[in-house]
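Here are my notes on the model you sent over. I went through the ligand site, the helix packing and the backbone, and jotted down what caught my eye.

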Amino acid sequence: MIKVFSLIGSCAGERSQTAQLSDRLAEAFRKRAAEDGETVAYERLTAAEVRVDFCRGCCNCFHRCFCPLDSKDDMGMIRQKMRDCDVLFFGSPVYMGRMSGFTKCLLDRLAGDSHRLTLLGKPMLQFMTTESNHGLEASEDLEYILRFFCSALINVGALYRVGHPNLNDEVDMQPVLTETAEKLLRAYYDPRTAITEFQQRAFFSRVLMTRRAIRLGTGNSEAQAIHEAGFDRYVLLSEAIENLCMRKKESQ
Ligand SMILES: Cc1cc2nc3c(=O)[nH]c(=O)nc-3n(C[C@H](O)[C@H](O)[C@H](O)COP(=O)(O)O)c2cc1C
């Protein structure tokens, strides 16, 4: 069973174009996975259903691997679902030419996770919806941030209500759905197929920082967490992912 968890940064609830796109992408993935005999469990949460407060800048996430807000809002629950799922969807509407405020707020709350590489190798799908413009800039901006998680990131880009590729035009939508489902399943089987040179460099720089902190005994809990996960034994992100997948398989 492949567990898909989708987080949608729109408060429009069931009317949300981005939530509806998420459902279509999940359905295309379910159909493609079924051809390989796999089943998919899909859960989606939108910004209308959860409370995620703004980061207060206390930096406890970096220094103590802990966010004091998690016990006050829904972020602890969201964080857990993100870690537990096999495939993560990130969808956002374009607001004022960039991702929605909710999406950015959520990403700020995940800064510690990005440093500790808690989503390393996880197949992650990003997509956006927009009325008529800024789809490219907004999805590049979101991708820029999501790359730091060193996950197997697939950027679907932005789908337009007016413009191309168009959300309401099946001729535009079918190839997007089919290609995305194919890429995602490949990333599920082997996350190394979806990592980039940038992610490799981001991973290596985190490894060097961790090794130095451990060697000098200045290791904060962030470095300790990476060390305990064993990621600092690797130079290549692909090797760290391979080892993680092997450990996951052994524990099943
Ligand atoms: C506050 C706000 C700002 C928006 N800014 C843009 C924009 O800069 N460019 C654009 O083409 N559409 C913009 N839109 C339209 C949305 O991106 C579009 O309707 C999107 O599909 C909404 O997704 P949702 O239904 O999931 O919330 C904006 C909508 C809102 C509410």
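1. Let me start with H1 and H7, whose crossing is right-handed. Their axes come within 9 Å and cross at roughly 55°. With the oblique class covering what is left outside the parallel, antiparallel and perpendicular ranges, H1 and H7 are therefore oblique to each other. Bear in mind throughout that this is a predicted model.

2. The other helix pair to look at is H4 (residues 101–109) with H6 (residues 135–146), where the packing angle is about 10° and the axes sit 11 Å apart. Angles under 35 degrees count as roughly parallel, so that is the label H4 and H6 get relative to each other. As for handedness, H4 passes H6 in a left-handed crossing.

3. Now the ligand. There are 17 residues around it, and those that come nearest are Ser 10, Ser 16, Thr 18, Val 94 and Asn 133. By class, the shell breaks down into 10 polar, five nonpolar and two charged residues.

4. Which elements supply at least two residues each to that shell? They are helix H1 (17–35), strand E3 (87–95) and strand E5 (123–130). E3 gives the most, with three residues. H1 thus turns up twice in this note: in the shell around the ligand and in the crossing with H7.

5. Have a look at the backbone contacts to the ligand's oxygen atoms. A polar backbone atom of Val 94 is 2.6 Å from a ligand oxygen, and Val 94 is also among the residues that come nearest to the ligand. For Ser 132, a polar backbone atom is 2.8 Å from an oxygen atom of the ligand. At Gly 97, a backbone N or O atom lies 2.9 Å from a ligand oxygen. As for cover, the ligand on its own has 640 Å² of accessible area, and the protein covers 72% of that.

6. Two backbone spots deserve a glance. Most residues other than glycine have a negative phi, and most peptide bonds are trans. Cys 65 has a positive phi, near 55°, and is not a glycine. You'll find Cys 65 in the loop between helix H2 (60–64) and helix H3 (75–84).

7. The second spot is the peptide bond from His 164 to Pro 165, which is cis, with omega near -5°. Pro 165 is in a loop too, the one between strand E6 (152–160) and helix H7 (170–189). That brings us back to H7, the partner of H1 in the right-handed crossing.

Key:
Residues are numbered from 1 along each chain as its sequence is written. This is a predicted model: local features need pLDDT of at least 70, side-chain atom pairs count only at pLDDT 80 or more; totals for chains, interfaces and linings use all residues. Side-chain values use heavy atoms; hydrogens and water are left out. A residue is near a molecule or strand if one of its heavy atoms lies within 4 Å of it. A polar contact is a pair of N or O atoms within 3.5 Å; within protein, one must be able to donate a hydrogen and the other to accept it, and residues adjacent in sequence count only if both atoms are side-chain atoms. Accessible areas come from the Shrake-Rupley method with a 1.4 Å probe; for residues, only the protein chains shown count as cover. Helices (H or I, at least four residues) and strands (E, at least two) are DSSP runs, numbered from the N terminus. Ala, Val, Leu, Ile, Met, Phe, Trp, Tyr, Cys and Pro count as nonpolar, Asp, Glu, Lys and Arg as charged, and the others, Gly among them, as polar. Axes are lines fitted to C-alpha atoms, for helices over the stretch in contact, and angles run from 0 to 180 degrees between N-to-C directions. Angles under 35 degrees count as roughly parallel, over 145 as roughly antiparallel, 65 to 115 as roughly perpendicular and the rest as oblique. A crossing is left-handed if the near helix is turned anticlockwise from the far one by less than a right angle, and right-handed if clockwise.
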